[in-house]
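Student: I am new to this structure and would like to look closely at a single part of it. Could you take me slowly through the sheet and whatever is joined to it or packed against it?

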Amino acid sequence: MILNLKKYRKFNILIIISLCIIIYGISSFFGNVESLMISMIIIMVFLSYVIVCSHKKHNKLLKLAKNNKRKYNLAIDILDVVIWEWESETKELFISPKIKDILRNYTKELYTFKKLLSYISEDDKEPIKNFFYDLIQNNIIDNFILECSIINDIGEKIIIEIQGKSRMKGDVFFISGYFKDVTIKKHKENINTIDKFVVALL
């Protein structure tokens, strides 16, 4: 969407430059005020038409972008996962708003790798930290699935599954993926395992 809007702006600038050249040419050729005024009126009408058309197209693109964003957010909510991406150029971490429900942190602070690592339980912190450090330092291209427990802001221990992949795009290294709360799933698996063990003993 941004690229399209930039193209329209460049197109409008080119039109204005072209019209200025035309005005100069007409005034030089006819050499009188009347011809120049008529030319300017015609050009102003044409410019108004171009601006109105561009404005309508601009609004249409913005509306389409908003609809796409709404559909994207709806899809993420339905999947019940947290989408994330980190890139080496700016070292910024994008993370979807669903993270606030898991961490029970509803402030407007910007999440970073360092901030997220602080939520990971002590038993899992070093292995997870070392994994991502090695991935980033060596630009390793890989698909991965990790599991760890975190302690959220109200003291709940939650098991999360992290799925992601790393890739190079030009000179920039990207890591992206999603993670989700699998606490209930793991508890059910543990109960089933215990039940099977008890049955085997009987």
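Tutor: Let us begin with one pair of charged residues, Lys186 and Glu147, which form a salt bridge whose closest N and O atoms are 3.1 Å apart. Lys186 lies in helix α6, residues 183-201, while Glu147 lies in strand β3, so the pair ties together parts that are 39 residues apart in sequence. Glu147 is partly exposed, with a relative accessible area of 41%. Please keep in mind throughout that this is a predicted model, and that the salt bridge just described is one of four counted in it.

To place β3 properly, it helps to step back to the whole chain, which has six helices and five strands. Read along the sequence, these elements follow the pattern α-α-β-β-α-α-α-β-β-β-α. The five strands form an open sheet in the order β2-β1-β5-β4-β3, with antiparallel pairing. At the edges of this sheet are β2 and β3, the latter covering residues 143-151, and each of these two pairs on one side only. Neighbouring strands of the sheet are turned against each other by 20 degrees on average, when direction is ignored.

We can now cross the sheet strand by strand, starting from the β2 edge. Strand β2, residues 93-95, runs antiparallel to β1 and is joined to it by three bridges, and within this pairing Trp84 stands opposite Ile95 of β2. The two strands form a hairpin with five residues between them, and in the turn Lys91 has a positive phi of about 60 degrees. On the next step, β1, residues 82-87, pairs with β5, residues 172-181, over six bridges, again in the antiparallel sense. In that pairing, Glu85 has Ser176 of β5 as its bridge partner. Strand β5 is in turn joined by 10 bridges to β4, residues 157-169, and these two strands also run antiparallel, with Gly164 having Gly177 of β5 as its bridge partner. Helix α5, residues 122-137, packs on the sheet and touches β1, β3, β4 and β5, its direction making about 145 degrees with that of β3.

Glu85 deserves a second look, for besides its bridge partner in β5 it has a salt bridge with Arg167, in which the closest N and O atoms are 3.2 Å apart. This pair links distant parts of the chain, since Glu85 belongs to strand β1 and Arg167 to strand β4, 82 residues apart. Glu85 is partly exposed, with a relative accessible area of 27%, and Arg167 is likewise partly exposed, with a relative accessible area of 29%. Another of the salt bridges joins Lys98 to Asp101, where the closest N and O atoms are 3.7 Å apart, and Asp101 is partly exposed at 38% relative accessible area.

Strand β4 also holds Ser166, which is buried because its relative accessible area is 4% and the cut-off for buried is under 20%. The side chain of Ser166 reaches the backbone oxygen of Ile140 at 2.5 Å. When its neighbours within four places in sequence are left aside, Ser166 is in contact with Leu135, Ile140, Ile141, Asp142, Phe173, Phe174 and Ile175.

Ile175 leads us to the nonpolar residues, since it is among those of the largest nonpolar core that touch the most other members. In soluble globular proteins, nonpolar side chains tend to be buried together. The core here has 25 residues, and the others named with Ile175 for touching the most members are Trp84, Phe132, Phe144, Ile150, Ile162 and Phe179. Two or more residues come from each of β1, β2, α3 (99-103), α4 (113-117), α5, β3, β4 and β5, and the largest share, four residues, comes from β3. Ile162, once its neighbours within four places in sequence are set aside, is in contact with Trp84, Phe144, Ile145, Leu146, Cys148, Tyr178 and Phe179.

Finally, two figures describe the chain as a whole. Of its 202 residues, 27% count as buried, and among contacts between residues at least 6 apart in sequence, 46% join residues at least 24 apart. The salt bridge with which we began, between Lys186 in α6 and Glu147 in β3, joins residues that are 39 apart.

Notes:
Residues are numbered from 1 along each chain as its sequence is written. This is a predicted model: local features need pLDDT of at least 70, side-chain atom pairs count only at pLDDT 80 or more; totals for chains, interfaces and linings use all residues. Side-chain values use heavy atoms; hydrogens and water are left out. Two strands pair if DSSP finds at least two bridges between them. Axes are lines fitted to C-alpha atoms, for helices over the stretch in contact, and angles run from 0 to 180 degrees between N-to-C directions. Contact means heavy atoms within 4.5 Å. A salt bridge is a side-chain nitrogen of Lys or Arg within 4 Å of a carboxyl oxygen of Asp or Glu. Buried means under 20% relative accessible area, exposed over 50%, partly exposed in between (1.4 Å probe, protein chains only). A polar contact is a pair of N or O atoms within 3.5 Å; within protein, one must be able to donate a hydrogen and the other to accept it, and residues adjacent in sequence count only if both atoms are side-chain atoms. A nonpolar core is a set of buried Ala, Val, Leu, Ile, Met, Phe, Trp, Tyr and Cys residues joined through side-chain atoms within 4.5 Å.
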